[in-house]
Amino acid sequence: MSAKLTIAIDGPAGSGKSTVARRVAAMLGYVYLDSGAMYRAVALKALERKIPLGNDTRLAQLARETHIELKAPTAEQEAAGFKNRVVLDGREVTAEIRTGEVAQAASRLATIAGVREVLVAEQQKCGAGGGVVMEGRDIGTVVFPRAELKIFLEASAEIRAQRRWMEHQEKGETFSIEQVLEEVRDRDRRDRERKVSPLVRAADAVLVDNTAMGIEETARLIVMLAREKEVTKQ
Ligand code: CDP
Ligand code: CDP
């Protein structure tokens, strides 16, 4: 039996983190955890309660009062393209958190230190036993700085926007590719420039640019790196 690792995958929106992380977890028999879903869930709750996204104190309080569960998707959810199932305070919000509005609100809320503190602690608890692939923006830098394998997943902004646009098309949403590119760039800028835990490659993270790589190819590369680490960890 080889030892199980903690694998951190970070990168910008649309770089393939969720799809690739989920595939890697399945290939290794690990648990897949999407930290972004937690920011999205708190953002959805804030939007529903009409809490101003500039009110740091109330939002941090809201995060403390929120219970989020990440589960494996049902067969129907999987067929509809969802990579995980998200339950917010006992309510299914899997589809609701995947809108552009929630994504933008999540990236605003993610700049607040008090909100991050709560969610990071929760993420550390979820992944404490190892055998996990967690993806997000600060997993290798803040959540699991001692993860045995860190990947920084990149792809050009144009291809990332194109991937997101295709997803919108499949859901019957009619955004132009320019609109999606602007949304992706806007969020990237906020994620990279914020003061707390900005999106940055950890010094010891392997940079994987999958602009011209498919999902399977990218996942296999990461699994290969993981297998090497599993052997040295034994
Ligand atoms: O989680 P993140 O925002 O980084 O990206 P994702 O949701 O995993 O991927 C965005 C879209 O790009 C999905 O529809 C993936 O199937 C697709 N994708 C791709 O076509 N080729 C890749 N190498 C990676 C992702
Ligand atoms: O799937 P996509 O890459 O578009 O976004 P996501 O992973 O669902 O994350 C939504 C937003 O939450 C991001 O734009 C970040 O602002 C924030 N986030 C974060 O700050 N730290 C994380 N570990 C994960 C997400």
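This passage describes the surroundings of the two ligands and the enclosed space in a predicted model.

Ligand 2 is considered before ligand 1. Around ligand 2 there are 20 residues, and of these Arg-40, Arg-116, Arg-164, Arg-187 and Asp-191 come nearest. When the residues of this shell are sorted by class, 10 are charged, 5 are polar and 5 are nonpolar. Several polar contacts can be described individually. The side chain of Arg-40 places a polar atom 2.5 Å from an oxygen atom of ligand 2, and an N or O atom in the side chain of Lys-17 is found 3.0 Å from an oxygen atom of ligand 2. With Asp-138 the partner on the ligand is a nitrogen atom, which lies 2.8 Å from a polar atom of the Asp-138 side chain. On its own, ligand 2 has 520 Å² of accessible area, of which the protein covers 99%.

Two or more residues of the shell around ligand 2 are given by each of three helices, namely H2 (35–48), H5 (100–109) and H9 (177–193). Of the elements, H2 provides the largest share of this shell, with 4 residues. The position of ligand 2 can also be described in terms of domains: because domain 1, made up of 1–30 and 131–234, and domain 2, which spans 34–129, both give residues to the shell, ligand 2 lies between the two domains.

Ligand 1 is surrounded by 16 residues, and the closest of them are Ser-18, Thr-19, Arg-164, Glu-167 and Met-213. By class, this shell consists of 7 polar, 5 charged and 4 nonpolar residues. Contacts from the backbone are found at Gly-14, where a polar backbone atom is 2.8 Å from an oxygen atom of ligand 1, and at Ser-15, where a backbone N or O atom lies 3.2 Å from an oxygen atom of ligand 1. From the side chain of Lys-17, a polar atom lies 2.8 Å from an oxygen atom of ligand 1. Of the 540 Å² of accessible area that ligand 1 has on its own, 83% is covered by the protein. The elements that contribute two or more residues to the shell around ligand 1 are helix H1 (17–28) and helix H8 (157–170).

Apart from the ligand shells, the enclosed space in the protein was examined. Rolling a probe the size of a water molecule over the atoms shows where empty space is left. With a threshold of 30 Å³ or more, the count comes to 1 cavity, and the volume of the largest cavity is about 30 Å³. Its lining is formed by Asp-10, Gly-140, Thr-141, Lys-150, Ile-151, Phe-152, Val-200, Arg-201, Ala-202 and Ala-205. Divided by class, the lining of the largest cavity holds 5 nonpolar, 3 charged and 2 polar residues. Helix H7 (139–143) and strand E7 (149–154) each supply at least two residues of this lining, and E7 gives the most, with 3 residues.

How values were computed:
Residues are numbered from 1 along each chain as its sequence is written. Chains are lettered from A and ligands numbered from 1 in the order in which they are written. This is a predicted model: local features need pLDDT of at least 70, side-chain atom pairs count only at pLDDT 80 or more; totals for chains, interfaces and linings use all residues. Side-chain values use heavy atoms; hydrogens and water are left out. On a 1 Å grid over the protein atoms alone, a cavity is a set of points where a 1.4 Å probe fits but cannot get out, and a pocket is an open set with protein on both sides within 12 Å along at least five of seven lines; lining residues have an atom within 4 Å of a point. Grid points are joined across faces, edges and corners, and a volume is the space filled by probe spheres set on the points. Ala, Val, Leu, Ile, Met, Phe, Trp, Tyr, Cys and Pro count as nonpolar, Asp, Glu, Lys and Arg as charged, and the others, Gly among them, as polar. A residue is near a molecule or strand if one of its heavy atoms lies within 4 Å of it. A polar contact is a pair of N or O atoms within 3.5 Å; within protein, one must be able to donate a hydrogen and the other to accept it, and residues adjacent in sequence count only if both atoms are side-chain atoms. Accessible areas come from the Shrake-Rupley method with a 1.4 Å probe; for residues, only the protein chains shown count as cover. Domain bounds come from an automatic or database domain assignment.
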